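Visitor: Hey, got a minute to go through a model with me? I'd like to poke at the backbone first and then zoom out.
Guide: Sure, put it up and ask away.

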Amino acid sequence: MTHILALDQGTTSSRAIAFDGEMRPVASAQREFDQHFPRSGWVEHEPEDIWDTTLATAREVAQDVGGIAAIGITNQRETVVVWDRETGKAIHRAIVWQDRRTSDLCHDLRGGDFEELVRTRTGLLVDPYFSSTKVKWLLDEVEGARAAAEAGRLAFGTVDTFLIWRLTEGRVHATDATNAARTMLYDIHKGAWDADICEALGIPMSMLPDVRDSDGDFGETTLLGGTIPIRGVAGDQQAATIGQACFTPGMIKSTYGTGCFALLNTGETAVASENRLLTTIAYQMGGQVTYALEGSIFVAGAVVQWLRDGLGILGQASDAGPLARKADPGQDVILVPAFTGLGAPYWDAECRGAVYGLTRNSGPAEFAKAALESVGFQTRDLLDAMEADMGKPIEGVLRVDGGMSASRFAMQFLADITGAPVDRPPVLETTAMGAAWLAGQAIGIYPDAETFASGWSAEMRFDPKMDPDLRADRYAAWKDAVRRTLTRG
């Protein structure tokens with residue numbers, strides 16, 4: 001039987017999943033790798049850890065299922081790797097999307113012509129979240145890096161590009177449009193790297209990869225046995241949008257992993273946000289760009305990890321929901337999980353987490369409830385901003401996926417606080433499915449987008465149950481808590 005191999009390289013682990021001809025996951029492997037925090041607000045990965053875990057899981061799954069027809073890659077976005085073209089070795093640890101080391105630089109870049117240039121051409125905001133200032137930091141701080149870059153010896157890539165380089169043994173230096181759109185270096189309207197932004201940041205354009213369609217040809221690998229084409233690439237949130245079959249303008253999905261990311265398909269129109277959302281590329285196939293509005297939340301599933309690893313009040317992540325149900329209904333504890341600042345629609349890199357409403361009787365159950373509810377509150381922030389940008393209510397269903405969507409407590413509160421139905425699919429790992437579909441349809445094994453979408457179904461629907469007045473009161477309390485947490489108005 002022919003299989004498609006999806007490589008899902010995430011923030012805390014690398015996974016490989018094989019899908020059969022009916023797009024059913026039939027084999028998988030996963031390996032975690034170390035997180036490095038050299039200073040407060042700094043987050044790094046060893047590129048060799050990323051590569052070793054990816055290759056090991058890919059080989060394990062390939063051996064389990066036999067024939068692999070094509071590979072699709074999806075990846076943590078914005079994370080930066082810079083490596084030497086001759087040796088293939090990185091010049092520094094990867095700087096992760098969560099990293100805030102360039103906050104001061106971004107602060108200095110805001111408020112002038114450069115900020116408007118970035119917004120109008122890339123659809124992004126000037127923030128440490130994106131790749132470009134991370135690249136500048138590496139060129140400025142790693143000894144000899146700038147001279148090597150100017151001499152053409154260094155290559156830059158997000159994680160997909162680094163994996164493609166390694167899988168093709170240095171033959172292909174490429175990315176797809178969705179990942180390019182997250183670098184703060186790519187003009188999403190012209191479909192090209194922006195020379196003015198690169199010059200302003202001192203980034204030689206010779207470092208940048210070739211940009212291709214999400215279902216384009218990214219070369220071949222012989223490292224898994226035989227010769228296997230790489231035919232699908234998309235950043236993790238765009239891959240989830242594809243895996244959720246959100247191909248029609250107006251459809252919206254929200255993925256709950258380490259962070260939370262909501263994407264609203266806006267079709268051929270790149271909607272300029274007036275509410276501090278991001279205008280980005282949802283996918284690019286056959287040379288045709290489909291745009292999206294995106295809201296990015298830095299801490300979603302990570303807040304449950306904090307309960308487990310930081311506070312030690314959970315044995316495992318799945319304990320959060322049952323513990324939250326034991327909370328005292330008379331307490332209204334609100335947790336603003338700004339551990340690395342707040343993302344959309346606030347974009348405050350300097351604020352930090354806070355808890356409000358504590359009483360002498362507040363305990364583990366109240367913390368668990370506040371943590372899970374914080375994800376729903378933050379999603380409501382995003383949906384309200386999207387409605388404001390679109391100038392009309394977003395009607396229909398919110399499709400959810402990612403590990404945290406397995407929590408019935410969290411998903412029911414999401415429906416309650418947004419007032420919208422929430423649909424959860426049978427396969428929560430739609431990110432990998434999206435990458436697999438890109439590769440599979442590119443080689444003719446999987447159906448086209450319309451047929452794929454027609455077969456999508458929900459495993460469970462969560463309908464809103466909260467009284468509208470209570471919804472309004474609880475959301476007002478959240479907004480007040482955020483106002484008190486922000487470092488700027």
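Visitor: Is Glu169 buried, exposed or partly exposed?
Guide: Partly exposed: Glu169 comes out at 48% relative accessibility. Keep in mind that this is a predicted model.

Visitor: And where does Glu169 sit?
Guide: In the loop between α6 (159–167) and β9 (174–176). Its phi is positive, near 55°, and Glu169 is not a glycine.

Visitor: Remind me, what sign does phi have in most residues other than glycine?
Guide: Negative, and most peptide bonds are trans.

Visitor: OK, what about phi of Ala245?
Guide: Positive again, near 55°. Ala245 is in the loop between α9 and β15 (252–256).

Visitor: Buried or exposed, that Ala245?
Guide: Buried, at 2% relative accessibility.

Visitor: How many residues of α9 are buried?
Guide: Eight of its eight, so to speak the whole run 236–243. Among them are Asp236, Gln237 and Gln238, along with Thr241 and Ile242.

Visitor: Switching to peptide bonds: which residues does a cis one join?
Guide: Ala344 and Pro345, with omega at about -5°. Pro345 belongs to the loop between β19 (334–336) and β20 (354–356).

Visitor: How many disulfides should I set up?
Guide: Zero; the structure holds none. For Cys198, the nearest cysteine sulfur is that of Cys106, 15 Å away. Cys260 is in no disulfide either, and the nearest sulfur there, from Cys246, is 13 Å off.

Visitor: Why would you call Cys198 buried?
Guide: Because its relative accessible area is 1%, and buried means under 20%. Cys260 is buried too, at 0%.

Visitor: Let's zoom out. What does the secondary structure come to?
Guide: There are 16 helices and 23 strands. The radius of gyration is 21 Å, close to the 23 Å that the globule rule gives for 489 residues, so the protein is as compact as a globular protein of that length.

Visitor: What box do the C-alpha atoms fill?
Guide: Roughly 65 × 55 × 45 Å along the principal axes. Of the 489 residues, 61% count as buried.

Visitor: What share of the contacts joins residues at least 24 apart?
Guide: It's 72%, counting contacts between residues at least 6 apart in sequence.

Visitor: Last one, how many positive and negative side chains are there?
Guide: 45 positive and 67 negative, and the centres of the two sets lie 3 Å apart. As for the surface, the protein exposes about 18,100 Å², with carbon and sulfur atoms supplying 47% of it.

Key. Residues are numbered from 1 along each chain as its sequence is written. This is a predicted model: local features need pLDDT of at least 70, side-chain atom pairs count only at pLDDT 80 or more; totals for chains, interfaces and linings use all residues. Side-chain values use heavy atoms; hydrogens and water are left out. Helices (H or I, at least four residues) and strands (E, at least two) are DSSP runs, numbered from the N terminus. The radius of gyration is taken over C-alpha atoms; the globule rule is 2.2 Å times the number of residues to the power 0.38. Buried means under 20% relative accessible area, exposed over 50%, partly exposed in between (1.4 Å probe, protein chains only). Contact means heavy atoms within 4.5 Å. Accessible areas come from the Shrake-Rupley method with a 1.4 Å probe; for residues, only the protein chains shown count as cover. Lys and Arg count as positive and Asp and Glu as negative; His and the chain ends are not counted. The place of a charge is taken as NZ of Lys, CZ of Arg, CG of Asp or CD of Glu. A disulfide is a pair of cysteine sulfur atoms within 2.5 Å.
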